[in-house]
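Open the model in your viewer and switch on side chains. This tour goes from one aromatic contact to the next.

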Amino acid sequence: MVHLNANEVRQLLHNKFVVVMGDSVQRAVYKDLVLLLQKDCLLSTSQLKAKGEMSFEHDVLLEGGRLGPMHNGTHYREVRQFCSAHHLVRFYFLTRAYSPYVEKVLAQLLWAEHRPDVVVMNSCLWDVSRYGRDSMGSYRKNVERLFWRLHRVLPESCLLVWNTAMPVAKTVSGAFLPPEHRLRRARLRADVVEANFYSASEARRHGFGVLDLHFHFRHSSPDRQPDGIHWNARAHRKLTQLLLAHLADAWGGDVPRGNPVGRWMWEGPASGLKRAREGRESAGGRRRRIR
């Protein structure tokens, strides 16, 4: 895997509007991308742990977070945005793949002055652990609704990348699951695998790109945080590089080959670029998102 530096990332995403949607892991995806657009360094431990702060590396908290009451419930909201002269990156915190709130977000993207060039998204952990006994059945239905709506709302030029949920540990700390949901801890690992299989299949069925993070990080447990859910800065920089390579390939751009792998990078077990090409080919005559 090659390592793109900050200058190369700025070139790749020049005049692009990138939207990231998902849980706290996807918030770290947003943060690492925003950081790398500005300088060549990794996120600090405090930056990874921070939630709902008023500003992070020159971004702005637009909604939720510390602008309102802080809590760990399913109605928590957090919308962040980084804007420079030639880059726009926005994050929406989600606790469910499809909901009235997600529909509200999609409406904002549909009618906004600037339409997104890239949407990077995942919703899984909250879906399968916080919404009752039939959470997996509800998740499958919501994923179907989500991709059906994305197919109709996003512009033809927009590239959607569905991130599969990253692997969780055998033991997950109690901080993630409140007492009334802790019986699901024993099944969470298996539920994530099942949910990933279904969501990735559904994404490909609609012609969307899939970045299989569960596969890429299946042997990376030393870089997982003690809570069994979150990941360290080293893992998130690898994730960002995988995502950027996926985008470069989808857009037909050249990734610099002479740039050495950074000391925080290592070769992944498989290339996410192959999946992007396969997604384009399997889309056939259907409406295509990747170009």
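The stops below cover aromatic pairs, then a cluster, then charges over rings.

Keep in mind that this is a predicted model. The count of aromatic pairs in it comes to seven.

**Stop 1.** Select Tyr 30 and Phe 91. Their ring centres are 5.8 Å apart and their planes meet at 35°. That angle is neither under 30 degrees nor over 60, so the pair counts as tilted. Now colour by secondary structure. Tyr 30 sits in helix 2 (residues 24-36), while Phe 91 belongs to strand 4 (residues 87-93). The pair therefore ties together parts that are 61 residues apart in sequence. Turn on the surface: are these rings buried or exposed? Tyr 30 is buried, at 0% relative accessibility. Phe 91 is buried as well, with a value of 0%.

**Stop 2.** Move along strand 4 to Phe 93, and add Tyr 76. These two rings make an edge-to-face pair, with 5.2 Å from centre to centre and 85° between the planes. Tyr 76 comes from the loop between strand 2 (60-64) and strand 3 (78-83). Because Phe 93 lies in strand 4, this contact links parts 17 residues apart in sequence. Both Tyr 76 and Phe 93 are buried.

**Stop 3.** Keep those four residues selected and add Trp 126. Together, Tyr 30, Tyr 76, Phe 91, Phe 93 and Trp 126 form one aromatic cluster.

**Stop 4.** Which residue lies over the face of Trp 251? Select Lys 16: it is placed there, 4.6 Å from the ring centre.

**Stop 5.** Finish with Arg 96 and Tyr 131. Arg 96 lies over the face of the Tyr 131 ring, at 3.9 Å from its centre.

Key
Residues numbered from 1 in each chain as written. Predicted model: local features only at pLDDT ≥ 70, side-chain atom pairs only at ≥ 80, totals over all residues. Heavy atoms only, no water. Phe/Tyr/Trp six-rings, centres within 6.5 Å; stacked < 30°, edge-to-face > 60°. Helix = DSSP H or I, 4+ residues; strand = E, 2+ residues; numbered from the N terminus. Buried < 20%, exposed > 50% of the residue type's maximum accessible area, 1.4 Å probe, protein only. Lys NZ or Arg CZ within 6 Å of the ring centre and 35° of its normal.
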